[in-house]
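Work through the exercises below with the sequence and the 3D structure at hand. Each task is followed by a solution in steps.

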Amino acid sequence: MDTPWDSLSLIAEGLTTDLPEHDCCNHILSMLHDVIPWDSAILLRVEGEQLTPMAVEGMTADALGRIFQLNENPRLAAICSSTRPVRFAPDSELPDPFNGLLAVDPNGVGRIHACNGVPIRHAGELVAVLCLDALDPKAFDHISIEYLAMLGNLIGAQIHMSDLLVALQRQADRRGEIASDLLRSSLTDSQKIIGNSRVMEKLRKEIELVATSDFTVLIQGETGTGKELVARALHRQSRRSTEPMLYLNCAALPESLAESELFGHRKGAFTSAERNRTGKFELADGGTLFLDEVGELPLSIQAKLLRAIQEGEIQPVGSEKVIHTDVRLIAATNRDLAKEVEEGRFRRDLFHRLNVYPITVPPLRDHLEDTPLLAGLFIERTQKQLGIPALRISEGALALLQQYDWPGNVRELENIISRAALKASLTHRGDGLIYVKPGHLASDISSENLPEEAVKSESAESAETGQPVKRQLSLREETKKFQIKLIEEAVRNNDGNWAAAARDLSMNRSNLHNLAGRLGLTKTSI
């Protein structure tokens, strides 16, 4: 390069490279050193009343981690308030904020004598400041203010372009994450909270009460009770319902990735960080974040989650920048978090931050009267999945479902009905109604699964017709008799071949032998 002005076209060409912000800023300073003989250079992002380093050259290692407050640095304040580059006189009384930070003079023995400050604007807005320092008071004599002004315009355009690329990437990430969560929502939002029992009415009133607030809600309950449905109902009835609700399953996160998933990371923060990633907290800004199985989070992450809740601040892994977010947090767990706190597995302060408004989802055994409603919902859903014209559940099967204690709750009920419907469809002949009967539930709900007390039912079922008949008999005994009769008929119809009988009953052969043993049947007794 012959003169500084000759360098502008090459610098402009070099600044058009498609680089991430950090790489772009380092590239800018490296190119400038070919033209301007500085001892140190720093590019600072203007963020309100503070300046944060974007890139440094010729400075001690700690310089990049510093934050410079305008009210404490009058020289930087003078640059920010100027419309043109500022050249400070060698004997300026304004203290240079970079004394003692130059790599060539780390102890600050030689006072900085030459200092240029360039306010960098885009569309009239101050976005950054470039500071060039040298120990030689005449180092910048050949550099004109006009040249520095032109340089500032080029750098401002490049920073704006870099910011746009970052914003577009974050927008793409956010849309991708939101699209994934909206797909999940489309599958679950159509699933309403079903039940007319007293406990379910109480649950709905609690949801309605707290939904319109921004309180953090802790949803507790056993596995399979429908905690996610409660979370989505809270969001749907909230003031944030027009924004997305993002979902994160904490139990599925390895500890090494949990922080990145929650708060994001910057390229190069760890071995596999090949590009910047936006975390769930930032993606959910303005909306709701649902942390499922929050009790599974490791203690090391719990402290950082606490800060995010308390301060509304997050810090991506590998970044010095603090990001403010506005997120309504809903958490769910099947653990007893109070007990986890006492045993040292969960932070007490985080528990109290999450437990602002606790909601407990009742287990199915506490509202068995809702079983028929739930069964009807799952029968209808299974009918569509299997493409069956008309699927029904008999009164005997419903009565049997209402006697089970449901350790897997609503999720177990759905799974059992799906399997029973499939069995009923395989044994059906003709185009009439297909009934799920007690026999189709036999392999999932045997007499041993029922309560010890004999529960009598006025609606038992004829094995031949499937029609209800009035009886005053023990449901346990009726079920056992039905199972025995069904097995005996299947074995006789297959000339004693138990494997063929199991196929007719849509059962695994070993399951049939086990059930027969519990019922007191043997190969010789049939």
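Helices and strands are here DSSP runs, a helix having at least four residues and a strand at least two, numbered from the N terminus. Counted in this way, the protein has 17 helices and 17 strands. The model is a predicted one.

**Exercise 1. Find which strand has the lowest mean pLDDT and which the highest.**

Solution.
Step 1. Start with the whole protein: the average pLDDT is 83, and 82% of the residues score at least 70.
Step 2. Go through the elements: strand β16 (residues 456–461) has the lowest mean pLDDT, 40, while strand β7 (residues 217–220) has the highest, 98.
Step 3. Look at the stretch of residues 452–473, where the pLDDT is below 50. This stretch has 39 contacts in the model beyond near neighbours in sequence.

**Exercise 2. Give the strand order of the open sheet of 6 strands, and state which strands stand at its edges.**

Solution.
Step 1. Read the order across the sheet: β3-β2-β1-β6-β5-β4, with antiparallel pairing.
Step 2. Take the two ends of that order. β3 (68–69) and β4 (86–88) each have a single partner strand, so one side of each is left without a neighbour in the sheet.
Step 3. Check one pair inside the order: β1 (residues 40–47) and β2 (residues 50–57) are antiparallel and share 7 bridges. In β2, E57 is the bridge partner of A41.

**Exercise 3. Decide whether strand β8 is largely enclosed or open, and describe its pairing with β9.**

Solution.
Step 1. A residue is buried if its relative accessible area is under 20%.
Step 2. In β8 (residues 245–249), 4 of the 5 residues are buried, so the rest of the structure largely encloses this strand. For the protein as a whole, 48% of the 526 residues count as buried.
Step 3. The pairing of β8 with β9 (residues 288–292) is parallel and runs over 5 bridges. M245 stands opposite T288 of β9.

**Exercise 4. Name the salt-bridge partners of R240, and say where in the chain they lie.**

Solution.
Step 1. Side chains of opposite charge can pair when their charged atoms come close.
Step 2. One partner is D214, at 2.9 Å from N to O. R240 lies in the loop between α6 (227–236) and β8, and D214 in the loop between α5 (198–211) and β7, 26 residues apart.
Step 3. D326 also meets R240 in a salt bridge, at 2.7 Å from N to O. D326 sits in the loop between β11 (323–324) and β12 (328–333), 86 residues from R240.
Step 4. Compare the accessibilities. R240 is buried, with a relative accessible area of 9%. D214 is partly exposed at 41%, and D326 is partly exposed at 44%.

**Exercise 5. Find which residues are linked with R335 and E340 in a network of salt bridges.**

Solution.
Step 1. Begin with the pair itself: the closest N and O atoms of R335 and E340 are 2.9 Å apart.
Step 2. R335 is partly exposed at 29% relative accessibility, whereas E340 is buried at 8%.
Step 3. The network joins E296, E343 and R345 with R335 and E340.

**Exercise 6. State which residues form a nonpolar patch on the surface.**

Solution.
Step 1. The patch consists of L386, L422 and L426, with about 260 Å² of accessible area together.
Step 2. Place one of them: L422 belongs to helix α14 (residues 409–427) and is partly exposed, at 40% relative accessibility.

Key: Residues numbered from 1 in each chain as written. Predicted model: local features only at pLDDT ≥ 70, side-chain atom pairs only at ≥ 80, totals over all residues. Heavy atoms only, no water. pLDDT = per-residue confidence, 0-100. Contact = heavy atoms within 4.5 Å. Patch = residues over 30% accessible without salt bridge, like charges linked within 9 Å, V, L, I, M, F, W, Y side chains within 5 Å. Areas by Shrake-Rupley, 256 points an atom, 1.4 Å probe, with all protein chains shown as cover. Salt bridge = Lys/Arg side-chain N within 4 Å of Asp/Glu carboxyl O. Buried < 20%, exposed > 50% of the residue type's maximum accessible area, 1.4 Å probe, protein only. Pairing = 2+ DSSP bridges.
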